[in-house]
Amino acid sequence: MNVGFVGLGAMGRGMAANLVRAGHAVQVWNRSPGPVAELVAQGASEAAGLEAVFANDVVISILSDDAAFESVLLDPRLLEGAAATVHVNMATISVDLADRAAALHAEHGLGYLAAPVMGRSDVAAAGKLNIVAAGDSGLLDHVEPLFAAMGQRTWRMGDRPHQANVVKIAGNFLIACAIESVAEACALAEARGINSTDLVDLLTSTIFPGVIYTGYGSMVAERRYEPAGFRVVLGLKDVSLALSAGAEANVPLPFGSVLRDSFVDAIAHGDADLDWAAVAEVIRRRAGLAEAGS
């Protein structure tokens, strides 16, 4: 399949590389040239511009946030001249923007699917992502071979693209809740002289098994926040998306306000580019516990 791929960040690089390895003709575009050269060395081709990207049968994009997606790809002139059958947006964006994107694509006769992913960059590189997809079922069938190259399973969540975004936002909200709760439990243990690594080992071996509590629990206990798999600033973005989605549907998310304040606090203390597990240091500061490394 001829694929135009936009966005070669930590996630996109591995995803595009897996499409190349699966035998698809992948044309890549990125705002910075370094990742493009990396993918070209692996067998992709460089797009001369976004117009060239949208001349492919399928366009896949994964950009960092609403602002990036809207500024780069929601240009009516770009969509008007597109020859592509469908644009698959694999980024986590707001429900409102997902609706506007779907409407604008439809206006120009271009299919639009939402397919945000679950998994960090190492999972993307291994082709083991879980892909949350929504939109026209025929278009989903058309791009399923691409999903199969990038992920281990595709979860179809409805025929309206924004439904996939709601599911992804809800999932990230739950992860943020888990990180906050582990951080609070570890702070409580540390304040009473208990080794938080021992606490996490006990909890994840008994009542809270699974990759989220095990992975993030060990990061919190060990105060290990680099390299960042998902940065604090992106955590704030996704918590804010959850709060906005809740407000639009009159669904209160009271714990969301707690999470938002924790992420803002972390950013204010210079931790924006650490892994989002670093919100644990906010809890430790509030509890008067020692700073990491002190």
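Me: What links E190, R223, E281 and R284?
Reply: They are joined in a network of salt bridges. A salt bridge is a side-chain nitrogen of Lys or Arg within 4 Å of a carboxyl oxygen of Asp or Glu. Side chains of opposite charge can pair when their charged atoms come close. The model is predicted: local features need pLDDT of at least 70, side-chain atom pairs count only at pLDDT 80 or more, and totals for chains, interfaces and linings use all residues. Residues are numbered from 1 along each chain as its sequence is written, and side-chain values use heavy atoms, with hydrogens and water left out.

Me: What makes R223 and E281 a salt bridge?
Reply: The distance does. Their closest N and O atoms are 2.9 Å apart. The cut-off is 4 Å, so the pair qualifies. It links distant parts of the chain, 58 residues apart. R223 sits in the loop between α11 (211–222) and α12 (232–248), and E281 in helix α14. Helices are DSSP runs of H or I with at least four residues, strands are runs of E with at least two, and both are numbered from the N terminus.

Me: Is E281 called buried or exposed, and why?
Reply: It is called buried, because its relative accessibility is 6%. Buried means under 20% relative accessible area, exposed means over 50%, and partly exposed lies in between (1.4 Å probe, protein chains only). R223 has 25% and therefore counts as partly exposed.

Me: How many salt bridges does the rule give?
Reply: The count is 14. One of them joins R120 and D275, with the closest N and O atoms 2.7 Å apart. This pair spans 155 residues of sequence. R120 is in the loop between β7 (117–118) and α7 (121–125), while D275 is in the loop between α13 (254–268) and α14 (280–286).

Me: Why is D275 given its accessibility class?
Reply: Its relative accessible area is 0%, so D275 is buried. Its partner R120 has 26% and is therefore partly exposed.

Me: What makes R100 and E70 a salt bridge?
Reply: Their closest N and O atoms are 2.8 Å apart. R100 lies in helix α6 (residues 95–107) and E70 in helix α4 (residues 66–73), 30 residues apart. R100 is partly exposed at 37%, and E70 is partly exposed at 35%.

Me: Where does the label "active site" come from, and which residue has it?
Reply: It comes from an unreviewed UniProt entry and covers K168. UniProt positions use the numbering used here, feature names are shortened, and annotations may be inferred rather than shown by experiment. K168 lies in helix α9. Its relative accessibility is 8%, so K168 counts as buried. K168 touches T92, P116, V117 and M118, leaving aside residues up to four places away in sequence. Contact means heavy atoms within 4.5 Å.

Me: How does the reach of α9 compare with the expected span?
Reply: Helix α9 (residues 162–191) has 30 residues and reaches 43 Å, close to the expected 44 Å. The expected span is 1.5 Å times one less than the number of residues. G193 follows α9, with a positive phi near 80°.

Me: Why does the span of α11 agree with the rule?
Reply: The 12 residues should span 16 Å, and the end C-alpha atoms are 16 Å apart, so the two agree. Buried residues in α11 include Y216, G217 and S218. Their cover includes α9, α10 (196–205) and α14. R223, just after α11, has a positive phi of about 55°.

Me: What does the domain annotation cover?
Reply: "3-hydroxyisobutyrate dehydrogenase-like NAD-binding" covers residues 164–282, according to the unreviewed UniProt entry. That stretch is 71% helix and 0% strand. The whole protein has 14 helices and nine strands.

Me: Why does the radius of gyration agree with a compact globule?
Reply: The 294 residues would give a radius near 19 Å, and the protein has 20 Å, so it agrees. The radius is taken over C-alpha atoms, and the globule rule is 2.2 Å times the number of residues to the power 0.38. The C-alpha atoms fill a box of roughly 65 × 45 × 35 Å along the principal axes. Of the 294 residues, 50% count as buried.
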